[in-house]
Amino acid sequence: MTDEARKPVKQIHLAAHFPGVNNTTVWSDPAAGSQIEFASFAHFARTAERAKFDFLFLAEGLRLREQNGRIYELDVVGRPDTFTVLAALAAVTDRLGLAGTINSTFNEPYEVARQFASLDHLSAGRSAWNVVTSWDAFTGENFRRGGFLREEDRYARARQFLEASWQLFDSWRGDELRADRASGAFLGDPDAGRFAHRSDEFDIAGRFDVPRSPQGRPVIFQAGDSDQGREFAAASADAIFSRHGTLTAGQAFYADVKGRLARYERQWDELKILPAVTFALGDTDAEAHERAALIRRQQVGGQTAIRLLEQVWNRDLSDLDPDGPLPAQDPLLGEHTVAQGRASVRMNRDPLAVAREWRQIAEAKRLSVRELIVEVTGRQSFIGTPARVAEEMNRFVQQDASDGFILAPHLTPTGLDEFADKVVPLLQERGVFRTEYRGTTLRDHLGLAPR
Amino acid sequence: MPESTSTSLHLAVALDGAGWHPAAWREPEARPEELFTARYWADLAAEAERGLLDLLTFEDGLSLQSDEPFAPDARTDRVRGRLDSVLVAARIAPLTRHIGLVPTAVVPYTEPFHLSKAVATLDFVSSGRAGLRVKISGRPDEAAHFGRRRAPDLTRSDVLAEELAEAADYVEVLRRLWDSWEDDAEIRDAATGRFVDRDKLHYIDFAGPRFRVRGPSITPRPPQGQPLVASLAHGPETFQLAGGSADLAFITPPDPDAARAALAAIRAAQHTAGRDAETVHVFADLAVFLDERPGAAADRLARLNGRAGAEYRGDARIFTGTAAELADLIEELAATGVTGFRLRPGALPYDLERITRDLVPELQRRGRFRTAYGASTLRGLLGLPRPANRYAPAATV
């Protein structure tokens, strides 16, 4: 208690994840709107800005997902180009950060750097880049480079991609633009933008063509969870999009990653840790739990439960009854052939262990396939009255399980409205969330120094 | 309702930095400090929309601007640096309602998959006003920015021929990807639990010498079905690309005979490509310096040339004069069969304002330009139908 009292109160950071193409987005609800019309993105962004959120977040997927060799139909399909929709959102918001997930495998540094620098100019300093890696030949079939990046090389490419991009961002110092009509000097330096980068993955040189943007470099996010990913984040990222949503797992992850910062001469608060979470509100806690259960059943229909089970079992389970028990046979080992285009499938490192754990849970709680999938695939959820949710979120942050949250609502585009109206004011009352934006750039919102 | 009257002309304006003259940024009305702000581009677009123009094009490249056509320079007295044109167009889209937005893609160094969804998205955020100009590079410095090595024995014309062939493939991929979703692919069928009908999503399976693309797009078919594809056509090889692949060609005729020759070449290429039934617009490019008083524009150009230390030359014919004189030239060139004009303002925002406030009223008085927007999409403004989807079964009547 005395330790708690001495510790300075942390400010919470909040971000809004536009509902994506997973089963967690409930498209069948009567209130569900378009996943592609700009009006949906504008509504979502304006709600986030009205609530003084730090930023809006977009995920990425560069090939439509397939299962059992056919395009997957059960979830939302289709999304816009990330850079383009973020640039348009910059026109309907003034302060909200704009974070895009952009792959380092199916892009080139010169183009990505000019897109982020351009977005940063066009949003007056609000851009952020979630750097992800990918290596699957399946996605590669849509791109020039194909799929020949080895899995083990993906972090090397990501690191070199980021280093090359930083060289490009930094190739303009920020004082080159003179625009001096009298003397005729538009540039103060004939060498502005000069760069050269040579590494295993890239050999590029020349002159970058976008002058230094308001933030210098966009805010850098990292989402990987492996040891390599954590090290990459500690060395290079401004924020982590983490998966560790429970208090104890969050605290362990937080301590681990923040503990790595000193190695790179970085301070504790130079890297923000933001887990993706969901929420369900109600006038009473009981009502909120009922709503949460209903949402989970909307997210995991019988067919969806079978398909999610197939993603671990790596077998066609079409004949399985979702309201019956788990299949008798074990997952098929070896190359994953059932589901393609999903990061979650690639992270199933030991399907046998997962199956064993799931069988134990199903047996102990007497769960059908669908009930089990509802139970085991849910993300950390804050459930309760607005007061309880505000209290729990604050406890999470003050006890160092995170620095804030990336909220992923289940409804497009209104899924954030209730949170903005009911929970945010309570966080503000507690003095742990801003009531007005203090700065103009996303680095300002996140308390990060200019880079 | 698409607009189309036989006497009505189409007008586009090409935006580039502070204007097309290299000394334009030093003019008193210029805003060179603001070239990298959204407000600058939004103001220009608002002015163009007040003038009822069909579309804006946005110049772009993957290198710093240079006075050398195929190499960098070390000049500091010209505008250098620019923003990604697709993102500039997207930033403007929610602030405008009628005008078409046509950014530029450099073919050899970008991914057709990325550009296809980017332009589809531009079409969504603008409610059907997107286009894309495809551009080849030919520049060794741009190749070096992407780590591309070129065979040392290739001549410049070999390189351009190769890039033009790639541009045709690139447009084919853009178009197939835009059609890779049928319009009614999204079904949201609660009864079967299906969000889409996969039978209405199509692999495009394009295979060419420079890329293979499997598809389908990750972005649904955009509002226009096929956003507008444009290309610059100022020589025999580029006429081929325009007639074979584009919806809109920008030509650079020095005189009416050259316009007629370019038109004939593009129509021939269109015929060879089996596109006789399609409309391919051909706009003549003109660099314009406009003033109210006769002779004033020529004086201004001379002054600008003096400041630049060189006479301004470009691929397009340079016009100096009054709005009435420009309207005369436009009518003379229109008689050759060109369907519109793309004007390159010598200085921004000055010459854009002369276009919207002086030239447009003059053309309206002559009955050659619209007095109100009559369509809500770019294809609609240009009288182009929303095309059928190549992958959809033919509609039964």
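I looked up how β3(A) and β4(A) are joined in this predicted model, and I found two bridges between these strands, which run antiparallel. Within this pairing I noted that A:Gln67 stands opposite A:Arg70 of β4(A).

I then followed the strands outward and recorded an open sheet of three, in the order β4-β3-β14 of chain A, with antiparallel pairing. The edges are formed by β4 and β14 (339–340) of chain A, each of which pairs on one side only.

Next I checked the domain division of chain A, where domain 1 covers 2–286 + 379–446 and domain 2 covers 301–376. I read a distance of 30 Å between the C-alpha centres of domain 1 and domain 2 of chain A. For the contact between them I noted 11 residues from domain 1 of chain A and 10 residues from domain 2 of chain A. On the domain 1 side, β3 (66–67) and α5 (137–140) of chain A are the elements that give two or more residues; by class, I entered that side as three nonpolar, five polar and three charged residues.

Last, I turned to the contact between the chains, which takes 61 residues from chain A and 60 residues from chain B. I listed β4 (70–71), α3 (82–92), α4 (109–122), β8 (185–187) and β10 (203–207) of chain A as elements that each supply at least two residues of the side touching chain B. For that side of chain A, I entered 32 nonpolar, 13 polar and 16 charged residues.

Technical notes:
Residues are numbered from 1 along each chain as its sequence is written. Chains are lettered from A and ligands numbered from 1 in the order in which they are written. This is a predicted model: local features need pLDDT of at least 70, side-chain atom pairs count only at pLDDT 80 or more; totals for chains, interfaces and linings use all residues. Domain bounds come from an automatic or database domain assignment. Two residues are in contact if their C-beta atoms, placed from the backbone, lie within 7 Å. Helices (H or I, at least four residues) and strands (E, at least two) are DSSP runs, numbered from the N terminus. Ala, Val, Leu, Ile, Met, Phe, Trp, Tyr, Cys and Pro count as nonpolar, Asp, Glu, Lys and Arg as charged, and the others, Gly among them, as polar. Two strands pair if DSSP finds at least two bridges between them.
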